[in-house]
Amino acid sequence: MTAADRAARTEAADLLARSAYDGAGGADAGTALVAVGGYGRGELAPYSDLDLVLVADEGLPEDQWRELAGQVWYPLWDSGHQIDHSVRTLPEMLAAAEGDVRVASGLLDVRHVAGDHSLALRLRTTVLAHWRRQARERLPELHELVRSRHRLVGELAHLSLPDLKEAEGGLRDATVLKSLTATWLVDVPAADLERCRQQLLDVRDLLHAAAGRATDRIAPEHWAPLAEGLALPDEASAQRYVRELGRRVTHLSRLAWRRTDDALRRTSAARPRRPELTRLAPGVALSQGEVVLDRGAQPERDPVLLLRAAAEAAVRDVVLAPPTAARLVRDCPPLPEPWPDEARRQLVRLLAAGPGLLAVWETLDETGALDRILPEWERIRLLPHASVIHRFTVDRHVVETCVEAAALIRDVSRPDVLVVAALLHDIGKGGLTEHSVAGAPIARAIAVRMGFGPDEAELIARLVRWHLLLADVATTRDPDDPATVEALTEHIDTPEALALLTALTEADAKAASPKAWSSWRAGLVLDLARRARAVLERGSAPPAFGDEEVPVPAEVADGEVAISVEPVADGSRVTVVALDRVGLLADVAALFALRRVGIRAARLWAQGEHAVSVWDVDADHLDVGALRDQLDAIVARRVDPAERLAPRRSPGDLDPAVVVRPEASDHATVIEVRAADRLGVVHQVSAALAALDMTVRSAHISTLGPQAVDVFYVQEAAAGGLSDTRAAEAAHAVRRALRGPS
């Protein structure tokens, strides 16, 4: 539906409401029928947000205008239209606006539908005058409401299920921007905002038609009809179209609020009569909290000026004025290849600026500057992540990784290499080849173009190629096994490269989501990095953290099981000590599964005739007595975990993947299991192995989005790795246990 279609529908709906009002005898009643809210839709139609209010003047008898209201609403309801409605006197409307900033903001866009024009005009002008007079007191409250909504809902450009109305960059933000403009404190590009708003309304009309109901969330099945309705070639194009609209409104919103905050900080007396310029760098100045061009700037002679201005804005965490960026894109000559040293230094300053990078990078993207600085950016622009563990699209995740890496530059000898590798680590996404493999040659070529030497360019390419390696090895391999460190040092063979990879791994994980860098995952990664560094520096690895012997409690000698619980930052660490036996791991894993406690990591080792296992779980305040009682019931088979934890498959479920990796260890057989993340997986795997009289030396549990990735180091009960025949038997048994009954 076009804007003209909506205008026609609005006119028809207004005519219907006016007819109902006139038919009820409201023409001379001293009342007015007005429309508020609706985010500009303004029509009585299915799925409408429209709110109709019957406003009565002071002194009009209440029974008279309440009777009129009923006579207006019923014909509209009888016609099948959905409306929100209310009846208020003019003083009540003004009092509501005074008491709630959201009401005041909505009334700024009030529209007369029927009745007394002067009454509707008085309502609008009074609310608008109060809004402008009280803007300095009311805008901080409105800004906090906006921020709370953004934190709760997320960004339209990055949500897996975009919310066209409530998300940051959605229709509600477009309405708020109109409220900011009404204060006269800031200006917003009205034509650009209205274009985005109308296009978002077009999308929502199509969404309602596709869903057959009122909804603002775009589900995966809606992208195909949206693409058809928008005359776009495919679902990916529709996603990009909607996300671009959301990001544009987000950019306008953030810019407007930064300017509003700056205006609120400055009193009337402090405002200069003419703009004041504070010189920051050659050609770059600061004016009213925004980076602009100095009076002596010559963009046509300075190819580095764009990067210099962007770096100054990011380092100071101020606005890079969009008109300035647009002019620099238009007037600056292209950077020569390779870049001059200053261009590379300014890019590194920009990337290492920390939180100030995000807003400046958005401005560079919105003004087309990135097409000149990094044309490869188009590969990942607004590209959705395949993994649900990521909270942002690929391009935004990359920027967030740079922000996180900026906090780690003190830990590495080459911070320039770190931040550029952070910028390029996902540049290979968007194709069919695994992205780290595809990204390495792209990153190398970009680094050479930026003026890095051959060694630095190769190092950046290596970091991009292996940026997943450290986390993968740390969370899926036995830290005690020499082959684990070798799996890392085979590709990362210098302490400098290892330090850079460690920092990049941390930044990448933190940028993905908080769960991707939990305390237990960080501990595994940093411990492996520490041990690998020792190998690279001294040729031998120190023992893994937590490898010291655990005191064996006295009751264990009598055949009992000792359980202790230690609280940690994001859950508990449970230590179990018992006489070693086949099946012990399965019983302890069943204990946690039956109590619905998620396992994040598990390590086991032998101390003489005893077995020690340490479990990192996601529950706190665990009761040791309750754990011991339930484990006793499992061991005595008063409780049958196999029956209660049997997998229940649904049609369409993916089969578990069970892979034997003989190269991963010299003294055990490594079995890697990938299955749907659910309680009982560790028990089912270890029970299947115990039934074959095999022992699990250690287990390493990890969760990546909806998938569990569990690695088991398996030996024969008499010690030693499995033969090829036994390894195949073990894999088959595990696969059968995880599939369950068909």
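## Aromatic pairs and a helix contact

Both Trp361 and Trp377 are buried, and in this predicted model they form an aromatic pair with each other. The centres of the two rings lie 5.3 Å apart and the planes stand at 65 degrees, so the pair counts as edge-to-face, a class that requires planes over 60 degrees apart. Distant parts of the chain are linked by this pair, since Trp361 belongs to helix α14 whereas Trp377 lies in the loop between α15 (370-373) and α16 (394-406), with their positions 16 residues apart in sequence.

The structure holds 2 aromatic pairs. Besides the tryptophan pair, Phe592 and Trp615 form an aromatic pair that is tilted, with 5.3 Å from centre to centre and 50 degrees between the planes. This pair, too, links distant parts of the chain, for Phe592 is in helix α25 (residues 584-594) and Trp615 is in strand β12 (residues 610-617), 23 residues apart. Phe592 has a relative accessible area of 1% and is therefore buried, and Trp615, with a relative accessible area of 0%, is buried as well.

Two arginines are placed over tryptophan rings, as the table sets out.

| Arginine | Ring | Distance to the ring centre |
|---|---|---|
| Arg132 | Trp184 | 3.7 Å |
| Arg465 | Trp466 | 3.9 Å |

In the case of Arg132, the charged end of the side chain sits over the ring of Trp184, while Arg465 lies over the face of Trp466.

Helix α14, which carries Trp361, also packs against another helix. Helix α14 (residues 356-366) and helix α11 (residues 305-316) meet at an angle of about 145 degrees, with their axes 8 Å apart, and the crossing of the two is right-handed. On the α11 side the contact is made by Leu306, Ala310, Ala313 and Ala314, and on the α14 side by Gly356, Leu357, Val360 and Leu364. Which kinds of residue make up the contact of α11 with α14: nonpolar, polar or charged? The residues divide into 7 nonpolar and 1 polar, with no charged residue among them; the polar one is Gly356, because Gly is counted as polar in this division.

Thr363 also lies in helix α14. With a relative accessible area of 4%, Thr363 falls under the 20% limit and is therefore buried. If residues up to four places away in sequence are not counted, Thr363 touches His251, Leu320, Pro322 and Ala325.

Notes:
Residues are numbered from 1 along each chain as its sequence is written. This is a predicted model: local features need pLDDT of at least 70, side-chain atom pairs count only at pLDDT 80 or more; totals for chains, interfaces and linings use all residues. Side-chain values use heavy atoms; hydrogens and water are left out. Axes are lines fitted to C-alpha atoms, for helices over the stretch in contact, and angles run from 0 to 180 degrees between N-to-C directions. Helices (H or I, at least four residues) and strands (E, at least two) are DSSP runs, numbered from the N terminus. A crossing is left-handed if the near helix is turned anticlockwise from the far one by less than a right angle, and right-handed if clockwise. Contact means heavy atoms within 4.5 Å. Rings of Phe, Tyr and Trp (its six-membered ring) pair if their centres lie within 6.5 Å; planes under 30 degrees apart count as stacked, over 60 as edge-to-face and the rest as tilted. Buried means under 20% relative accessible area, exposed over 50%, partly exposed in between (1.4 Å probe, protein chains only). A charge sits over a ring if NZ of Lys or CZ of Arg is within 6 Å of the ring centre and within 35 degrees of the ring normal.
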